[in-house]
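Work through the exercises below with the sequence and the model at hand. Each task is followed by a solution in steps.

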Amino acid sequence: MRSVKSLLAAGAATLISSMAFAADMPIAAPPPMYAPPAPPADFGGWYLRGDVGMTNQRAKSIEGNVAPGFTKTTEGLGFDSSPLFDLGVGYRFNNWFRADVIGQYRGKANLHGSDNVIGPGFVGVNNYTGSKSEWVVMANAYVDLGTWWCITPFIGAGLGGSYNKISGFRDDGVSFSGGALSNSVAYFADNGKWNFAWAAHAGLAYKVNPGFTVELAYSYMNLGDAAPGNFRLFDNSASGPTSIKLKELTSHDLKLGVRWDLNSPPAYVPPPLVTKG
């Protein structure tokens, strides 16, 4: 009986000793929290762009030969509005400066205007009709002025070239000279030429997500000059090179554009938690 009691006492002492040893052991620290890497800086990378819009165009003057002693005044010279479309590729250098190169097509805009010519014993008017279109290649640079609520105002400027084409140009003339009234119609061949062009831009950009931005922009475009081709009178009584030239074509454009960032960062996915067994 005494041996049984001794055995129980020894077991109890061993259990108490083990519990005390376990209580004295340090508690293992929990695994450290995983800190996600800092997001990439908000600059750098290639992008594609596209725009659609409408033009509001005008010409400073229309020039032509005038005989000595005659005066010419131009009335109502201008163009109807026309659509524009462009595509381009650009690079964002940092969070405030970017640049791109675009190719732009500006659709046909109807031309209207007339010249009044007065001279000794002569009064006449030339009524002009036709259309104008352009292909523009331009390099642009932009400065982003800061971002508030995902909206970024910006300004910019561009330099390039514009191929200005005059199509279907026609001159309907009416004159009164020496007591006689006469009419004439002259047709002009289609003609285009390259000119130096420049632009100034301003607008607002809205970042829909890290890789997609929408823009509402205004551009002032200076497209250079344009001229129709050789003329031919309706009765074939005369033909030859034209003396008519449209000087300093300009346009106020309103555009809606989009930009696709080709270097947008992937969505962050934390690594799986690994524990030691």
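**Exercise 1. Contact range.** Among contacts in the chain between residues at least 6 apart in sequence, what percentage join residues at least 24 apart?

Solution. In this predicted model, 73% of the contacts between residues at least 6 apart join residues at least 24 apart. For the secondary structure, the chain has 1 helix and 13 strands. Along the sequence, the helix comes before the strands.

**Exercise 2. A pair distant in sequence.** Decide whether T250 is buried or exposed, and find which residues it contacts beyond four places in sequence.

Solution.
1. T250 is located in strand β13.
2. The relative accessible area of T250 is 5%. The cut-off for buried is under 20%, so T250 counts as buried.
3. Beyond its neighbours within four places, T250 touches N56, Q57, R58, Y220, M221 and N222.
4. For a C-alpha check, take L223: T250 and L223 are 27 residues apart in sequence and 5.9 Å apart in space.

**Exercise 3. A serine in β5.** Where does S114 sit, and which residues does it contact beyond four places in sequence?

Solution.
1. S114 belongs to strand β5, residues 97-119.
2. S114 is buried, at a relative accessible area of 12%.
3. Its contacts beyond four places are T73, T74, E75, V125, N126, N127 and Y128.

**Exercise 4. Salt bridges of E215.** Which residues form salt bridges with E215, and at what N to O distances?

Solution.
1. R98 pairs with E215, their closest N and O atoms being 3.6 Å apart. R98 is in strand β5 and E215 in strand β10, so this pair ties together parts 117 residues apart in sequence.
2. R259 also forms a salt bridge with E215, with closest N and O atoms 2.7 Å apart. Here strand β13 holds R259 and strand β10 holds E215, and the two residues are 44 apart.
3. On accessibility, R98 is buried at 0%, E215 at 2% and R259 at 10%.
4. R98, E215 and R259 are among the members of a salt-bridge network that also includes R49, D51, D100 and D144. The structure holds 13 salt bridges.

**Exercise 5. A surface patch.** Which residues form the nonpolar patch on the surface, and which elements give two or more residues to it?

Solution.
1. The patch consists of V52, F85, L216, Y218, L254 and L256, with about 570 Å² of accessible area together.
2. Strands β10 (212-226) and β13 (245-261) each give two or more residues to the patch. L216, for one, is found in β10.
3. As background, the chain exposes about 16,700 Å², with carbon and sulfur atoms supplying 66% of it.

Key
Residues are numbered from 1 along each chain as its sequence is written. This is a predicted model: local features need pLDDT of at least 70, side-chain atom pairs count only at pLDDT 80 or more; totals for chains, interfaces and linings use all residues. Side-chain values use heavy atoms; hydrogens and water are left out. Contact means heavy atoms within 4.5 Å. Accessible areas come from the Shrake-Rupley method with a 1.4 Å probe; for residues, only the protein chains shown count as cover. Patches are made of residues with over 30% relative accessible area and no salt bridge: like charges are joined within 9 Å, nonpolar side chains (Val, Leu, Ile, Met, Phe, Trp, Tyr) within 5 Å. A salt bridge is a side-chain nitrogen of Lys or Arg within 4 Å of a carboxyl oxygen of Asp or Glu. Buried means under 20% relative accessible area, exposed over 50%, partly exposed in between (1.4 Å probe, protein chains only).
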